[in-house]
Structure formats: C-alpha cells, structure tokens
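Reader: I have a protein model open and would like some help reading it. Could we go through it together, piece by piece?

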Amino acid sequence: MSEAALEEVSVLSSIYCGEEEFQLVHRSGQDGLVVHIKQTVGGEGGPDISLSFHLPPAYPSCPPGISVTSTRLSKTQSLHIRQKLLDQAAALPAEPMLHRLVEGVQVRVLLRSHTHTHTHTHSSTYPDRTVVLLLDHIRDRRRYIKLLERWTHQLQLSGMLFLGRSILLILQGDRLQVKEFCRLLKTVKIDVDSSGKKCKEKMMKVLIEASRPSSVRYSRWGVSGLFSQTRIMDPCVCVCVCVCATGV
C-alpha cells in the first residue's frame, strides 16, 4: 500500500470526523484498503449518502472501486451517481482523489435537489453561456449580495449564489454580459478584507464556462444556503463540467 494512500486516509479521517462519518473497514497489503464515508447532504433532513471506496495496492496509480447507497435516493439514482464517480475517477490524474470524489457527490446531489424547483426546457431560447465561479470570501454579505443583484439585473443575467464553506456562483446569459460581470467582480471594491478595508474579488476563479447551454435554466437571480452545513471545501472542475453541461 502506497504512502500516499495511507496519508490520504489519515487526512480524510480528520475531515470527516463526525459520528459514523468515516470508517476504515479493511486494510491489508494484499487487498489494499476499504474506506467507508457517510454524509448527510444539505444538513439535517437531507439525504444520507454512503460511499465505499476500495483502494487496491496500486492506488492511486489506478482508480478506486466505488459503491454508493442512500436511504433517500432510488437504486437507479445511486447507480447513476456511482457511474459518474467512476468516470470522474478514471479521468483524474493518478494522485489521491477520494476527497474530490466525495465533494463531487455533495455538489451533484445538492444541485440536483435544488434545480428541481426550476423550469427545464429544450427550446432554442437557452442563454449563450453557463458559467460557474468560485468566490474567495464574502465578509460584508449585505453589500456583496446587493452588488451582485444589481449587476445581474443591469446585465440581464440569471443564476444562483450558493453560500457555505465554498461559495459558488452560477451565471447564465449573454457571453459578453457574463464577461462584463466578471470584469466588475475583479475591478470593483465589492467586499472587505480581514482588516476591514474595502477590497476587490481578485481571487475569483472561473471553474467552468460552458459554450453550450445547460439543461437547467435559471429564470431569475437567487441566493441559496444549501451548502451551509456541508463539508464542500474545494469543488473540482470536472464536477462543475458535469453539472453545467448535463444538468446532473
């Protein structure tokens, strides 16, 4: 068993440290490791997702085996998520990836449950771009959100701001208007730094810009606290690609 795998398991045990969240089920030099991670997605009342990862001795040079179960998702939905994770794992570099895979499940389930309240359409009136931004921080929440609302209204954009340990902003609209929004975000003093001085959102990252429309269209601008009780710490690009391009 590689040192990278053992170190990753140690880190995961400290991240998922709640009751019954993490369990090292099996460890042997011949078979590798079996790790079980259980999460309640979206806080109390959300679906329980149980993930089992089998790390063969050659991991991370080869991807892990994965199984997914849930008390709130159907067998078909669980199998669908498992296949998405297997595809994601196969596409990732040969390095420790379990935390990214767990984050992928959390993001996918949260956005799936949230977008059920939005209209799905297949007409030719889709927006030109769907963009996912990762924001660095929001300290002056009132001012920050007020400016975001103003800019989206002025630029005729729609989307959703997800607040939590990670701050995700999904935008939909005309390509040039989205570009202008990103310019404003990086050049206008929209927030305050740790010392209380006004600052710009210089650390904003574009996780994905989909050149084709998302199958989920936001009809307006909104703010959601769905991520407030999750441990999503660093959403990976491939998850956002899946969410934006396929509406999963």
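**Helices and sheet**

Author: This is a predicted model, and a good place to begin is helix α2 (residues 75-91), which lies across β3 and β4 and runs at about 150° to β4.

Reader: Okay, and how many bridges join β3 to β4?

Author: Strand β3, which covers residues 48-55, is joined to β4 by six bridges, and the two strands run antiparallel. To take one position, His 54 has Gly 65 in β4 as its bridge partner.

Reader: In what order do the strands form the sheet?

Author: The sheet is an open one made of four strands in the order β1-β2-β3-β4, with antiparallel pairing. Its edge strands are β1 (22-28) and β4 (65-70), each of which pairs on one side only. On average, and with direction ignored, neighbouring strands of this sheet are turned by 15° against each other.

Reader: Switching to α1, which residues are buried there?

Author: The buried residues in helix α1 are Ala 5, Glu 8, Val 9, Leu 12 and Ile 15. They sit on the same side of α1, because the arc they cover around the axis is only 120°.

Reader: And what about Glu 3 and Glu 7, buried or exposed?

Author: Glu 3 and Glu 7 are exposed, and they lie on the other side of α1.

Reader: Last one: how far apart are the end C-alpha atoms of α1?

Author: They are 18 Å apart, which agrees with expectation, because the 13 residues of α1 (residues 3-15) should span 18 Å at 1.5 Å a residue.

Terms used:
Residues are numbered from 1 along each chain as its sequence is written. This is a predicted model: local features need pLDDT of at least 70, side-chain atom pairs count only at pLDDT 80 or more; totals for chains, interfaces and linings use all residues. Side-chain values use heavy atoms; hydrogens and water are left out. The expected span of a helix is 1.5 Å times one less than its number of residues. Buried means under 20% relative accessible area, exposed over 50%, partly exposed in between (1.4 Å probe, protein chains only). The arc is that of the directions from the helix axis to the C-beta atoms. Two strands pair if DSSP finds at least two bridges between them. Axes are lines fitted to C-alpha atoms, for helices over the stretch in contact, and angles run from 0 to 180 degrees between N-to-C directions. Contact means heavy atoms within 4.5 Å.
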